[in-house]
Amino acid sequence: MKLPKNLLKALVNQVNMEYASAYLYRSMSHDMKNIALFGYAKWLDKQYQEELQHAEKLVAYIEDRDDVVNFLPIAGVDKHYDKPLDVAVDSLSHEEAVSASIRELFRLARNEGDLETEIFLQWYITEQVEEEVNARDNISGFQKAENSEDLLYMFDKYLSKRAD
Ligand SMILES: [Fe+2]
Ligand SMILES: [Fe+2]
């Protein structure tokens, strides 16, 4: 069964937001490489891959519903970072915006009575809780390391161990 028009439009916008997230994290990892924080850069590269998967999963779902995705232009990233704490702070506000967008999408699916999409989106609701926890943990870590090169080195090392 095809998706209601307004729900399809909102899902397609979410695809775009996930690709834009991937673009943002890749740009952040690039900036962290440039200041030799290779652990955080690696962490952000993993996040970049994860965002691509978030987008792919939505695309596959729309395909399963026999519908069409318009691949919209992806927002550019022209901001650069020279402090990891700023990256973590911006990541949290970005993830909060993504969470709000997913919640809105979920409400729309519910209003449309589209049970399949409601169930599909549950995974994203849970995932966003994790994304916000990660961003907050990174903020705390970099706050503690703000006045200590040793702590910064250790926290960067710790971040390099992110499994997936
Ligand atoms: Fe995402
Ligand atoms: Fe995640």
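These questions and answers cover one helix and the aromatic rings of a predicted model. Local features need pLDDT of at least 70, and side-chain atom pairs count only at pLDDT 80 or more. Residues are numbered from 1 along each chain as its sequence is written.

Q: How far apart are the end C-alpha atoms of helix α4 (residues 115-144)?
A: Helices are DSSP runs of H or I with at least four residues. The expected span is 1.5 Å times one less than the number of residues, so the 30 residues of α4 should span 44 Å. This agrees with the distance in the model, 45 Å.

Q: On which residue is the kink in α4 centred?
A: The bend at a residue is the angle between axes fitted to the seven residues ending there and the seven starting there. In α4 the kink is about 25°, and its centre is Leu 121.

Q: Which class of pair do the rings of Tyr 40 and Trp 43 form?
A: Rings of Phe, Tyr and Trp (its six-membered ring) pair if their centres lie within 6.5 Å; planes under 30 degrees apart are stacked, over 60 edge-to-face and the rest tilted. Both residues lie in helix α2 (residues 38-64), three residues apart. Their ring centres are 6.2 Å apart and the planes are at 45°, so the pair is tilted.

Q: Is Tyr 124 buried or exposed?
A: Buried means under 20% relative accessible area, exposed over 50%, partly exposed in between (1.4 Å probe, protein chains only). Tyr 124 has 1% relative accessibility, so the residue counts as buried.

Notes: Chains lettered and ligands numbered in written order. Heavy atoms only, no water. Helix = DSSP H or I, 4+ residues; strand = E, 2+ residues; numbered from the N terminus.
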